[in-house]
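Subject: Handover of a structure and notes on its contents

Dear colleague,

Please find below the structure that I am handing over to you. I would be grateful if you would keep it open while you read the notes that come after it.

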Amino acid sequence: LCRTPMKGNPDMDFFHFSMIKSMVYTSIDYFHYFSFLLQEMDLHIDDTIINHLLSFLDLQLDTTYDADVTHDEVLYVEPAESAKKLYFVLLHINPIKCNVTFCYSYQDSSTVPGTEAEKQNPVQTILSAIGVTIANIEDAPISLRSLMLENSFHTRPEMVSRILRHYYLQVLYEMYKIVGSFDIIGNPVSLVHNLGTGVYDFFYEPASGLVQSPQQFVLGVGKGSSSLVKNSVVGIFGTASKITKTLGKGAAHLTFDKNYVREREKQVREKPKHLGEGMVWGAKELTSGFKKGFTGFFTSPLDGAKDEGVKGFMKGMGKGVIGGVVKPGVGLFDMATRATQGITNFAAHGIVVARIRPPRGFGPDRILRVYDVEKAVGQSMLRSIEEGAHADEWHLYHCISEDDCLAMVSNKHLFSIKVLPQLSVLWSCSLSDIVSVAATQDGIRIELVPKVTEVSSFWMASGQTGKEASPTQVFRLKMAEPTAKWLEMKLNHTIAVIQRFDQDDDDLAFSAESGQASVK
């Protein structure tokens, strides 16, 4: 969610609220003036965000009946308070303008290893691809008209019902804009808007300058012609890029290769700034499509055999054959998309909207706390490493070692992370495998339990047992002695909590700040 660039009044706050309430009347809430204003905004959402929000709300609203609670202990709102009326001399909710972008993503439970959704059958994957192709919406301009009430006298439920009814009808009226903003049909709403703006400026700017002076008329012709060319290019090439982008995204999911889909989605998030950059990126993605299609024909059966034996080998053969045909086609779509995106962005002089801070970090308890930059950065890094393999874990704490690496602890693992030139995991270990943690003068020493491995049939025939323990594995982190002692104390306490509750999963709600733990 962000304020729309170059639109609205830049001197005004994004959110403005004004209220004048009389304290004379006690039987009613008397408002002389009540005003609410939002500047025009861009709202970017996807199905994963919606699912997480629904899950969060479901967790907060999950209440069960307690038989031990008597009727007198149940909280309720007094009828007199709920029936208290509101009187507004003037209630004014200003118009709301929102450009909605919705993306059907593949980053859902289906990408989390070990889940049932990971074993999707081909029919579900095809349906998912159809959803990816159809459901994407970009910059649907939703405009909700203002609501102004004078001398309104209602109860709270009546007032809420009246406001909701007003906006419900407005949203229904705007539905055609949402349907017309589907990327698969080229977002005709955006196309018509851009072309209409260009034609309007082409006639308006010269006419406006003509009433002032001949010089302003000439300038108006230049402005109008420039606007017509710019908006025509943005509209036409923007429509082409949206169609090729959604077709490529849908085709990529038909490869049944989750790793390929995940890597591609990371690449397409960035947009080229001009045609030259778009052509270079497009050529790279076209080459990558042919390369991955060819190599996947050999690697997919081997990877499947490692995971599921003969059955996995046969699945890998199918993936390799399909990928060999589909992935080069996806590369062609991506090349066309990059070229048209480069032309569009160069003509529009688009402003790239970026985060001003990392997303807020939540713990397993989902409690909203004061924003903590350190916690937010840690949780973001945890969800980024190893292609999101640890996205279901919770960041507890981290510290910096002397070799410019990061020691990070989640509720399941200890990581040694190299930050530059790119985020990568040097090594990691499960907290449940740690035997001892000891601080030394030059760092910290972490000892793991010996791993039990199978012995070959030759040694078993010689009278040896079928399993043997490997030597003790030891990890070392170089850091200052005070930092090492701090990490030793934190790690020992965390491991003790995990051993106490005999678990190492998401049900462990551990607070690194307070040192307390509980089981949900």
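The notes below go through the sheet, the cores, one strand, the salt bridges and two single residues.

Please bear in mind throughout that this is a predicted model.

The open sheet

Four strands make up an open sheet, in the order β2-β3-β5-β8, and their pairing is mixed. At the edges are β2 (15-22) and β8 (147-155), each of which pairs on one side only. On average, neighbouring strands of this sheet are turned by 15 degrees against each other, direction ignored. Within the sheet, β3 (residues 29-38) and β5 (residues 85-93) run parallel and are joined by six bridges. To find this pairing in the viewer, you may start from S35, whose bridge partner in β5 is H92. Helix α4 (residues 156-173) packs on the sheet and touches β3, β5 and β8. The direction of α4 makes about 150 degrees with that of β8.

The nonpolar cores

In soluble globular proteins, nonpolar side chains tend to be buried together. The largest nonpolar core of this model has 22 residues. Those with the most contacts inside this core are L414, I434, I446, L477, L487 and L491. Two or more residues each come from β9 (395-400), β10, β12 (424-430), β13 (434-440), β14 (443-448), β17 (474-478) and α12 (481-501). Helix α12 gives the most, with five residues. A second, separate core has 16 residues, including F31, F34, C98 and Y167.

Strand β17 and its partner

Strand β17, one of the contributors to the largest core, is a good place to look at how side chains are arranged. In a regular strand the side chains alternate between the two faces of the sheet. Along β17, F475 and L477 point to one face and are buried. V474, R476 and K478 point to the other face and are not buried. Strand β17 runs antiparallel to β14, and five bridges join the two. One residue to follow here is L477, which is the bridge partner of I444. Beyond its neighbours within four places in sequence, L477 is in contact with A407, S416, W427, D442, G443, I444, I446 and L487.

The salt bridges

How many salt bridges does the structure hold? There are twelve. One of them joins the side chains of E263 and K292, at 3.0 Å from N to O. This pair links distant parts of the chain, for E263 is in helix α8 (residues 258-267) and K292 is in helix α9 (residues 275-348), 29 residues apart. E263 counts as partly exposed because its relative accessibility is 30%, and K292 is likewise partly exposed, with a relative accessible area of 23%.

Are the partners in the salt bridge between R338 and E285 buried or exposed? Both R338 and E285 are buried. The closest N and O atoms of R338 and E285 are 3.0 Å apart. K315 and E308 form another salt bridge, with the closest N and O atoms 3.5 Å apart. K315 is partly exposed at 43% relative accessibility, and E308 is partly exposed with a relative accessible area of 43%. Finally, a network of salt bridges links K21, D29 and R156.

Two polar residues in buried positions

S410 lies in strand β10 (residues 405-410). S410 has a relative accessible area of 0% and is therefore buried. The side chain of S410 makes a polar contact with the side chain of E393, at 2.5 Å. A polar atom of the S410 side chain also lies 3.1 Å from the backbone nitrogen of K412. Leaving aside neighbours within four places in sequence, S410 is in contact with L382, E393, W394, H395, L396, F415 and L431.

K242 belongs to helix α7 (residues 214-253). Its relative accessibility is 12%, so K242 counts as buried, the cut-off being under 20%. Apart from neighbours within four places in sequence, K242 is in contact with E138, D183, G186 and N187. K242 and Q341 are 99 residues apart in sequence, while their C-alpha atoms are 8.7 Å apart in space.

With kind regards

Notes:
Residues numbered from 1 in each chain as written. Predicted model: local features only at pLDDT ≥ 70, side-chain atom pairs only at ≥ 80, totals over all residues. Heavy atoms only, no water. Buried < 20%, exposed > 50% of the residue type's maximum accessible area, 1.4 Å probe, protein only. Polar contact = N/O pair within 3.5 Å; in protein donor to acceptor, adjacent residues only side chain to side chain. Contact = heavy atoms within 4.5 Å. Salt bridge = Lys/Arg side-chain N within 4 Å of Asp/Glu carboxyl O. Core = buried A, V, L, I, M, F, W, Y, C linked by side-chain atoms within 4.5 Å. Pairing = 2+ DSSP bridges. Axes fitted to C-alpha atoms, helices over the stretch in contact; angles between N-to-C directions.
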